[in-house]
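I opened my notebook to record what I looked up in this structure. My entries follow in the order I made them.

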Amino acid sequence: MRLRNLLTFVKVARLQSFHAAARQLHASQPAISARINALEDELGVQLFVRDTSGTRLTPRGVQLLPYAEKLVAISQEMKMQLKQDTPVQGSLRIGVVDTLAHLWLTTLLQHWREQFPLMEFEIAVDVSSVLWRQLQEHQLDLALLVAENHSPQLVTEPLCSYQQTWVAKPGLCGQITDLPSLLATPILSFPRHTQPWQYLQQLFEGWRAETNSLVDEEIRPMLHTCSSVESLLALAEQGVGVALLPEPLVTASVEAGRLRRIAFPEVNGSEIALRLQAPQLAFCCAWHLDDDRILPRLLAESCRQIVH
């Protein structure tokens with residue numbers, strides 16, 4: 001059984017396309033079909049069904065896939081071990097959300113440079129929605145971002161989770177004791193459609209539903225959004241508004257007295273009081289399922305060891 005045929009089978013199964021597999025493997029489509037036919041003849045089973053709806057595995061193909069993936073992975077690991085004395089060269093495109101870039105990018109880059117001194121790293125810092133799209137479009141090789149629903153063509157592994165906390169300039173904290181006073185104060189957070197922004201929308205709508213009345217426009221929250229962690233911290237320290245940020249981002253400012261955490265008392269067990277405790281933000285590493293290189297996985301593993 002030829003390893004090349006197994007690799008081709010895995011590619012077609014993952015991409016659900018003979019044409020896409022041919023492009024990834026730098027081969028012609030007839031060559032890809034010939035390899036699959038040879039594998040089917042050797043095994044005596046049909047592995048794919050091709051019709052107007054696309055390419056999909058047969059039950060026998062589904063049964064074969066995990067074994068083929070293991071053999072391909074073992075082959076790649078063997079090659080990597082044999083080449084471990086040969087310096088890895090090239091470039092890798094990595095996307096990082098600003099929270100992780102602010103907390104860990106310097107440490108990660110130093111570690112990666114020690115591991116792979118001849119590698120060049122192209123770093124893109126952006127919001128998760130943009131990084132997910134760029135990863136799916138093969139504009140990135142690896143991304144460190146907020147965990148969300150993702151394409152089945154991507155591999156994701158948990159990285160870390162951070163509790164979000166409300167903070168404000170000390171002089172502003174005393175004015176905020178409940179949700180109405182919070183909503184009357186400008187709120188600083190991450191851009192539209194990020195998880196923190198969505199949480200704030202749900203918080204406001206939940207309060208409207210609980211009070212069973214229309215909220216006066218005067219206390220409709222004023223949201224100032226920004227993708228830059230440093231800018232959000234600076235705005236909060238200058239008293240522009242109340243910020244909702246991951247806990248590790250505010251620790252230094254709180255310890256220095258520039259910011260203070262806001263503690264909201266629970267009032268009569270109100271659901272709104274409970275919802276003021278913002279949920280944790282979970283982050284993950286993600287890369288392409290069809291990427292045969294071991295480097296993205298090695299970098300993801302080093303991220304987990306350092307950040308976790």
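**Entry 1: a salt bridge across the chain.** I started with E157 and R304. Their side chains form a salt bridge, with N and O 2.4 Å apart. I then looked up where the two residues sit. E157 belongs to strand β6, residues 154-162, and R304 to helix α13, residues 295-307. They are 147 residues apart, so I noted a link between distant parts of the chain. I kept in mind that this is a predicted model.

Buried or partly exposed: what are E157 and R304? I found E157 at 27% relative accessibility, so it counts as partly exposed. R304 has a relative accessible area of 19%. The cut-off for buried is under 20%. R304 therefore counts as buried.

**Entry 2: a second partner for R304.** Which other residue forms a salt bridge with R304? I found E301, with the closest N and O atoms 2.3 Å apart. Both residues lie in helix α13. They are 3 residues apart, which is about one turn of the helix. E301 is partly exposed because its relative accessible area is 33%. I wrote down the result as a network: salt bridges link E157, E301 and R304.

**Entry 3: another pair.** Next I checked E247 and R261. They form a salt bridge too, and their closest N and O atoms are 2.4 Å apart. E247 is in helix α11, residues 247-255. R261 is in strand β11, residues 260-261. The two residues are 14 apart in the chain. E247 has 21% relative accessibility, so it counts as partly exposed. R261 counts as partly exposed as well, because its value is 38%. How many salt bridges does a search of the whole structure find? I noted 8.

**Entry 4: a sheet.** Strand β11 led me to an open sheet of 5 strands. I copied down the order: β9-β8-β10-β7-β11. The pairing is mixed. Which strands are at the edges? They are β9, residues 223-225, and β11, and each pairs on one side only. I added a reminder on pairing. Strands of a sheet pair through backbone hydrogen bonds, either parallel or antiparallel.

Then I picked out one pair of strands. Strand β8, residues 187-189, runs parallel to strand β10, residues 242-246, and they pair over 2 bridges. I187 stands opposite V242 in β10. I also looked for a helix packed on the sheet. Helix α10, residues 229-237, touches both β8 and β10. Its direction makes about 160° with that of β8.

**Entry 5: one residue in the first helix.** I turned to N5. It lies in helix α1, residues 3-15. Buried or exposed: which is N5? I found that N5 counts as buried because its relative accessibility is 6%. I left aside its neighbours within four places in sequence and looked up its contacts. N5 touches R35, A38 and L39.

**Entry 6: the whole protein.** I ended with the totals. I listed 13 helices and 12 strands. The protein has 308 residues, and buried ones make up 44% of them. I checked contacts with a separation of 6 or more. Residues 24 or more positions apart account for 74% of these. For the surface, I noted that the protein exposes about 16,300 Å². Carbon and sulfur atoms supply 51% of that area.

Definitions and conventions:
Residues are numbered from 1 along each chain as its sequence is written. This is a predicted model: local features need pLDDT of at least 70, side-chain atom pairs count only at pLDDT 80 or more; totals for chains, interfaces and linings use all residues. Side-chain values use heavy atoms; hydrogens and water are left out. Helices (H or I, at least four residues) and strands (E, at least two) are DSSP runs, numbered from the N terminus. Buried means under 20% relative accessible area, exposed over 50%, partly exposed in between (1.4 Å probe, protein chains only). Contact means heavy atoms within 4.5 Å. Accessible areas come from the Shrake-Rupley method with a 1.4 Å probe; for residues, only the protein chains shown count as cover. A salt bridge is a side-chain nitrogen of Lys or Arg within 4 Å of a carboxyl oxygen of Asp or Glu. Two strands pair if DSSP finds at least two bridges between them. Axes are lines fitted to C-alpha atoms, for helices over the stretch in contact, and angles run from 0 to 180 degrees between N-to-C directions.
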